[in-house]
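I opened the notebook to look at the ligand and its surroundings, and then at the nonpolar core.

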Amino acid sequence: MKGKVWLVGAGPGDRGLFTLKGLEVLQNAEVVVYDALVGDEVLALVPESADLINVGKRAGNHLMEQDRINRTLLEQALAGRRVVRLKGGDPFLFGRGGEELELLAENGIPYEVVPGVTSAFAVPAYNGIPVTHRDFTSSVHIITGHRRKNSENSKRIDYEALVRSGGTLIFLMGVSSLPSIAAGLLEAGMEPDMPAAVLERGTTSGQRRVVATISTLAEEAARAGIGAPAVIVVGRVCALADRFAWAENRPLAGKKILVTRPKELISETAARLRRLGAEVLECPAIETVPIEPDTSGLTGTGQDTRAFGAETASSAAVNILEGYFEHASGPVPGQKEAAKRPDWLVFTSPAGVRIFMEAFLEHRDVRDLCGSRIAAIGGGTAKALRQYGIRADFVPSVYDGETLGRELAQKIRQERTQGGQAEKPGQGIDAASKQAAHDRSGRAGTHEICGGRPVRILIPRAAAGNPDLVRELEQAGDVEIRDLAIYETKYRTSGIIDVRDEVLRGEIDFAVFTSASTVRGFCAMMKGAENDPAVPDLSGVRAVCIGRQTKAAADAAGMRTWMARRAAIDDLVDAVVRACDPENPF
Ligand code: SAH
C-alpha cells in the first residue's frame with residue numbers, strides 16, 4: 001500500500017504561528033523530514049514515535065541534496081508510511097515545495113500541502129512593520145536575494161522594475177548579498193534615504209532588527225553582525241518599525257527558556273512563559289515509569305522503616321492494594337479491616353497520584369478509599385487528586401516534603417492529645433465538606449480510628465523520595481510509615497533537539513526545574529558522548545527552581561540559582577520574570 005506525503009509549512013519559528021492543520025498532520029506522522037529553518041518550538045512537537053530525517057542543507061551542495069530529499073520522500077511513501085515534509089515558513093514560497101512534489105506526482109503518490117505562515121510577512125509583523133499601508137504603498141513584492149549558480153534562472157534582479165513599482169520590497173535569502181542589493185536599487189534610481197530594515201531570526205527569542213536607509217543599511221547591518229536567516233525590507237513602511245514595535249516589550253521577550261518537567265506536566269508552565277513572550281523549549285529531562293507489580297528484583301526505597309523490611313517495592317504495592325480490596329469488599333469497616341488500611345495516604349507528586357489511582361481503579365472504585373484521610377504536598381498534587389474526585393484533607397503551608405512531614409506530624413500529635421475533641425479542619429477542605437467526608441466514610445479523626453494502635457501512614461511515591469518527609473513524620477511518635485515506591489524516575493533526552501549543544505552555545509537563558517530529579521536529569525543530558533562522559537561546567541546555567549530541594553540540587557551542580565516564593569507554577573513563572581530583571585538584587 002502506498003503511503004502519503006504532507007508538505008507542511010512550519011511557520012517562521014514561534015510555535016503559535018504553526019497552523020492547527022499542520023499540528024494535526026504532524027501528530028500523525030510516521031516519518032518527519034525536516035531541515036534547518038524549522039524552529040525548535042515546532043520541532044519539539046514532533047511525536048516521539050516518528051522517525052526523523054534531518055536534511056538540513058549545507059550551502060554549495062544544493063542540487064545534489066535536493067535530489068536526495070526528493071528521492072527520500074518517494075522511498076518513504078512507497079514503503080507505505082505517513083510522511084511529513086516539514087519546512088520553514090510556507091512550503092511554496094522559496095521552499096522548493098514544487099520541486100519536491102514533482103517526483104511524487106510522477107509516481108502517483110498521494111499528497112497534501114499545508115500552507116504555512118511565511119517569514120516574509122510574519123517577521124516584519126513581529127518587528128512592527130506592516131508590509132502595506134495605504135499612506136505609503138499599494139503593493140508588496142517578495143524577491144529572492146539568492147542567485148542560483150550555473151543556471152538559466154540566474155537572471156539579474158530587475159531593480160528598475162522594482163523601484164518603478166513603488167511597492168514594499170521584501171528580500172529573502174539576501175543577507176550575504178545585501179551590499180549588492182542596495183547598490184542595485186540605488187543605481188536603478190531609488191531615493192538614497194528610502195527607509196530599509198534587516199530583520200534577523202524573527203519571531204524567535206533571537207529576534208533583532210536594524211532600521212536604516214537603503215544607503216546605510218549594509219554598513220549598519222555589518223556593524224551589528226546580522227547574519228542569516230534574516231528578511232530585508234525596503235520601503236517607507238520601515239519608518240514605522242520603532243513606533244509600532246511590540247514583540248520586545250513583552251516581559252520575557254528575547255528569552256529562551258528550557259523547561260524540563262516530565263512530558264505530561266510540561267504544558268502549563270510552558271504556556272504561561274510563552275504568554276509573557278518567551279521562546280520555550282520543552283525537553284522533558286525525566287519520565288515517570290510505574291513500577292510494575294509483577295516485576296521481580298526491584299528493591300524498596302531503603303526508607304521503608306517498619307512495615308516491609310526486605311520486601312520488594314513491587315510486592316508491597318500488590319499487598320497494599322490487596323489490603324484495600326479486602327477492606328472494600330468487607331461488610332462494615334470493623335476491627336479487622338481497620339487494621340489493614342492506612343489512616344493517612346500521603347501524596348507527594350501529581351505523578352504519584354496518577355500512578356497510584358490508575359493502579360487502584362483498575363479493580364476498585366474511588367469510594368473504596370474512604371477509610372483513609374488524604375494529604376497532598378501542594379496545589380499541583382491536590383489538583384491531580386481532584387481529577388479523581390478527591391479533595392485533599394491536608395495540604396501543608398509550604399509545599400515541600402519537610403514541611404509536609406512536620407505539619408502532618410503536628411496534626412497527628414495534636415489529634416492524639418485532643419482525644420475525642422473536634423479536630424481542626426485541614427487546609428484544602430472546609431469544615432462542612434469535611435463533615436460530609438466524615439459521614440461518608442464513617443470515620444473521624446486519627447485518634448478515634450486508631451484506638452491505641454500506631455497511626456498508619458502510607459506514602460505511595462517515587463523510589464528514593466525525599467527522606468526528610470519520613471524523618472519528620474516519625475517525630476509524631478507511634479506511627480507506622482510505609483514509604484512505598486510506586487514509580488521510578490528515569491532520565492531522558494530529546495531525540496530531535498540537541499539541548500547540550502544549545503546550552504553550551506549560550507542559547508538558553510534559563511532552565512526551569514520543578515524537582516530535584518529534573519535537575520539530575522538535566523545534568524545527565526549535559527553529559528558528553530560516551531568517550532567523554534564528563535558533565536561540563538554548568539556555572540553559566542541560570543536555574544529557576546520551584547523549591548528548596550530543587551535549588552539545593554541545582555546549587556550542588558554548580559548552577560546559578562533562583563527560587564520561587566512558593567512551590568506553585570504562578571510563583572515559578574514570577575521567579576523567571578524576577579531573574580530576567582537586570583536590576584534584580586539576586
Ligand atoms: N519558505 C520560507 C522561506 C525559505 S527561504 C518562508 O516562507 O518563510 C529562507 C529565507 O527565509 C531565509 O534566508 C530568510 O530570508 C527567511 N527566513 C525564514 N525564517 C526566518 C526568520 N525566522 N527570520 C528571518 N528570516 C527568516
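The entries below take the ligand and then the core.

I worked from a predicted model, where local features need pLDDT of at least 70 and side-chain atom pairs count only at pLDDT 80 or more, while totals for chains, interfaces and linings use all residues. Residues are numbered from 1 along each chain as its sequence is written, and side-chain values use heavy atoms, with hydrogens and water left out.

I looked up the shell around the ligand and found 18 residues, the closest being Asp-90, Leu-93, Thr-118, Ser-119 and Ala-230 (a residue is near if one of its heavy atoms lies within 4 Å). By class, I noted 11 nonpolar, 5 polar and 2 charged residues in this shell.

I then checked N and O atoms, and saw that an oxygen atom of the ligand is 2.7 Å from an N or O atom in the Thr-118 side chain, while a ligand nitrogen lies 2.9 Å from a polar backbone atom of Pro-12. The ligand alone exposes 540 Å², of which the protein buries 93% (Shrake-Rupley method, 1.4 Å probe).

I asked where the ligand lies: domain 1 (4-117) and domain 2 (121-248) both give residues to its shell, so it lies between them (bounds from an automatic or database domain assignment).

Finally, I looked at the largest nonpolar core (buried Ala, Val, Leu, Ile, Met, Phe, Trp, Tyr and Cys residues joined through side-chain atoms within 4.5 Å, buried meaning under 20% relative accessible area with a 1.4 Å probe, protein chains only). Among its 43 residues, Leu-86, Phe-522 and Met-559 touch the most other members. Domain 1 (4-117) and domain 3 (256-287 + 493-580) both contribute residues to this core, so it lies between them.

How values were computed. Polar contact = N/O pair within 3.5 Å; in protein donor to acceptor, adjacent residues only side chain to side chain. Nonpolar A, V, L, I, M, F, W, Y, C, P; charged D, E, K, R; others polar. Buried < 20%, exposed > 50% of the residue type's maximum accessible area, 1.4 Å probe, protein only.
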